[in-house]
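User: I should like to learn how the features of a protein model are read, one at a time. Please give the general idea first and then the case at hand.

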Amino acid sequence: MLPKRSSCADRGGNTRTMRRLATLGLLAIVALVAGACQAVSLRSPATDQAILISDLYNLVFAVAAVVFFLVEGLIVWSVIRYRRKSTDRGLPAQTHGNLVLEIVWTAVPMVTVIAIFLASWNVLNVVDARDESVAQVKVEVVGYQWAWKFGYPDAGIEIYGTAEQNPQLVVPINKVVQVSVSSQDVNHGFYIPEFLFQRDAVPGRVNVFQFTPNKLGVFNGQCSAFCGLMHHAMRFSVKVVTQAEYDAWIAAGGPSANAAGVATLRITTTPVAVATPAIVRFSRITM
Amino acid sequence: MATTALRPAARSGTGIYEWLTTTDHKKIGILYMISSFVFLAIGGLLALGVRAELAQPGLQFLDESTYNQLFTMHATIMIFWVIIPFLGAIGNYVVPLQLGAPDMAFPRINALSFWLIPFAGIIVLSGFVLGGAADAGWTAYPPVSSIKYSPGPGMNLWIMGLILIGTSSILGAVNFLVTIFRMRAPGMTLFRMPILTWTVLVTAVLVLMATPVLTSALIMLFIDRNFGGSFFDPATGGSAILWQNIFWFYSHPAVYIMVLPAMGVISEILPVFSRKPLFGYKAFVFATAGIGALGFSVWAHHMFTTGGVFLPFFSIMTFFIAIPTGVKMFNWVATMWRGQLIFSTPMLFAIGFLSMFLIGGINGVFSAPVPVDYAIHATYWIVAHIHYVLFGGSFLGIMAGLYFYFPKMTGKMLDERLGKIHFVLMYVGLNLTFMPMHLLGLSGMPRRIADYSPTAGWNDLNLIATIGGFTIGASLLPLLWNIYISLRNGKAAGDDPWEANTLEWATSSPPPAWNFDRLPAITSERPLFDARHGRSGKDHA
């Protein structure tokens, strides 16, 4: 991309050794990049939406890696190649600029970011899709200092967590789950790393999103928006089960019937241990 | 105005009284620097407290309340009392010299701008001894910053201190603008101004447009907290999101306020130590202005997950702002290309800036595609991003400027060997600290948590980050020692130890109170280069 040096090939002796070294170096870089890519990917996605987000992240990462190695490579090359040497006489050529180059390195990034933007817009339209009619399970999430309430309005189940006893949301696999999230005191963030997703719980506001879990298992989540003293303890989990297990769980009235470690959670009809100045009434808000 | 500006000529001397009452921009610049070092020590200790606590899961040293105060005050001090004033120090000292001016346009206002800083700093820090400092994060989102959820005196003190330091910034910005537009030496046209002065000019415009907005938001929060206002309280008809909009309308441009002058410093240093002019001077000026303008259209990318933002607009603007930054990166590399690079300490820090700020630019772009932001928002990825920008970028730029301008400020050279030890320790330390945070963020560790589950898989990475943090702390010791011994018996610097290009090197080191006895002819952006080598058609294509 930058002006080519005039006399590059005639330095060094054995070009074949050079080429072999270059190949080895290239292989090493490829191995390094492959290894690094393993380490720097997002969590393995556990919803249909998360797969798209993960793919988009990988695209952005690939472009970022190219830019990173290109520019850092140019910096390292300059530092090695253009050190001032004892043989340097006089000044180097006083280049003040190059219009063509400058247009190229403005236009190429411009096209690249527009392309990534379009790709991200496509993903966004899926991830943020909120079609009420396709929702198969509806849950209400309310954040409060420092725990979560999970409600299943259709089944009349409400689960209240505490900072010590983290609540668990149970949802069936491969079904569209619609979450409406709010807060009754300060801002919170409903964040599940393996869903590659978070949505803020903001007092006075109901945020709605949908997800379709596609992996069985328990996925940990925690509050991502700083919410005061015990912010770090505001954890929860999402358990994805088969439809049959889910039906049984609902029929049994929620967590008390489930033997898998969530029996400590109780079902109540009133909020526990929270001051509720601005509790959101979901019934009045239609999504 | 001219007579006021010449007043410092009547004063000289180095007594304490002289320093306390000085209106000389050079002495004020040095005062800014001393104040920034003091607050750096405080902000750094706060950060080490945070890192010590996070080294392993469980609460070992702090309780949650103290932890929340520490990370809140670390960010507050580092942003408002360290990085911005450090850049203010360089701007104050260098800009009038680069313009060939005898002082700033309003020397007394300049002194006021400085003296507000330590007093405002004492106010925000006094919370620690008056029942608890601010603990709602430096972003102070209501309702968690409201009187109900943060009832201590800390938040009120924080608001008052921030309003004062904002006033200091605004006064400084007006002063810089008038100085740059009215006090340039004959021949110094706008497009012959050094790039550092250009970046300070754009920064001053950003401060003037953005900081009053923050001040308004702070006053609204103060009214909410103390007089029953309801700007940000949803229970009484306010909006919690409103604060985020106003706050980020200031605080995103603030990132450019904190990085543009550092870019300016780098753009002075790279040409000098490559022995070439800056590649694409005009493109660089336009890119700086472009960053300034676009900087006001991206604030809501901090709010993608709130559900209350027009997503596509802020997404694409965030993508676009990467472009002028990228242009600058290519200009810097092209400046070094085919040069004769000299690796003195200022140049090492400048190259450190390039390599680290690049990472801060790239990992920031991940927040522009909204769905990716849903995954990484408010995680340690963002902590890594902001530290690669403000530490790897701004702070390394400040260090480069310190080593570059120390000879001018004191007449003494800093020791090169200690400088290189400082650079290596700091460079290694910052990567040890902030590189692992990318992985922590990707695996889902939220920021601002005092504790984490031992089974989350975050133990080793946090330990590495803590070791890195203490390495950064240690790296400042050779710097302080270097300053101490160099002031006592450093090598004499002479007027122009680096064979530099701009007017500040055309006078003695340190310069007399009136700055210049005579000025060289100014016919390009490199008057000293022209004086040294003569203007030739070849040199000025």
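Analyst: The turns below take up confidence, secondary structure, burial, contacts and backbone geometry.

User: What conventions apply here?

Analyst: This is a predicted model, in which local features need pLDDT of at least 70 and side-chain atom pairs count only at pLDDT 80 or more, while totals for chains, interfaces and linings use all residues. Residues are numbered from 1 along each chain as its sequence is written, chains are lettered from A and ligands numbered from 1 in the order in which they are written, and side-chain values use heavy atoms, with hydrogens and water left out.

User: How is confidence read, and what is the average pLDDT of chain A?

Analyst: The pLDDT is the predictor's confidence in each residue, on a scale from 0 to 100. Chain A averages 84, and 81% of the residues score at least 70. Over residues 1-13 of chain A the value is below 50, and this stretch has 20 contacts in the model beyond near neighbours in sequence; a contact means heavy atoms within 4.5 Å. Residues 257-287 of chain A also stay under 50, and the model has 64 contacts for them beyond four places in sequence.

User: How are helices and strands assigned, and how many does each chain have?

Analyst: Both are DSSP runs numbered from the N terminus: helices are H or I with at least four residues, and strands are E with at least two. Chain A has four helices and 10 strands, and from the N terminus on its elements run α-α-α-β-β-β-β-β-β-β-β-β-β-α. Chain B comes to 16 helices and zero strands.

User: Why is chain B described as being as compact as a globular protein of that length?

Analyst: The radius of gyration is taken over C-alpha atoms and set against the globule rule, 2.2 Å times the number of residues to the power 0.38. For chain B the radius is 23 Å, close to the 24 Å that the rule gives for 541 residues, so the chain is as compact as a globular protein of that length. Along the principal axes, the C-alpha atoms of chain B fill a box of roughly 65 × 45 × 45 Å.

User: How should burial and surface be read, and what percentage of each chain is buried?

Analyst: A residue is buried under 20% relative accessible area, exposed over 50% and partly exposed in between, with a 1.4 Å probe and protein chains only. Buried residues make up 67% of the 541 residues in chain B and 46% of the 287 residues in chain A. Accessible areas come from the Shrake-Rupley method with a 1.4 Å probe; for residues, only the protein chains shown count as cover. Chain B exposes about 17100 Å², with 69% supplied by carbon and sulfur atoms. For chain A the surface is about 14000 Å², of which 61% belongs to carbon and sulfur atoms.

User: What share of the contacts joins residues at least 24 apart in sequence?

Analyst: Among contacts between residues at least 6 apart in sequence, that share is 81% in chain B and 70% in chain A.

User: Which residues does B:Phe279 touch?

Analyst: B:Phe279 lies in the loop between α8 (240-274) and α9 (281-294) of chain B and is buried, with a relative accessible area of 4%. Not counting residues up to four places away in sequence, B:Phe279 touches residues of chain A, including A:Thr95, A:His96, A:Leu101 and A:Trp105, and also B:Asn331, B:Ala334 and B:Thr335.

User: Where is B:Ser344 found?

Analyst: B:Ser344 is in the loop between α10 (311-336) and α11 (345-365) of chain B. B:Ser344 is buried at 12% relative accessible area and touches B:Phe273, B:Glu416 and B:Trp498, not counting residues up to four places away in sequence.

User: Where are cis peptide bonds and positive phi angles found in chain B?

Analyst: In the loop between α5 (107-126) and α6 (154-182), which holds B:Pro143, a cis peptide bond joins B:Pro142 and B:Pro143, with omega about 5°. B:Ala140 lies in the loop between α5 and α6 as well; B:Ala140 has a positive phi of about 45° although it is not a glycine, and counts as buried at 0% relative accessibility.

The loop between α15 (459-489) and α16 (527-533) holds B:Pro510, and the peptide bond from B:Ser509 to B:Pro510 is cis, with omega near -10°. B:Asn515 is placed in the loop between α15 and α16 too. B:Asn515, not a glycine, has a positive phi of about 80° and is buried, with a relative accessible area of 0%.
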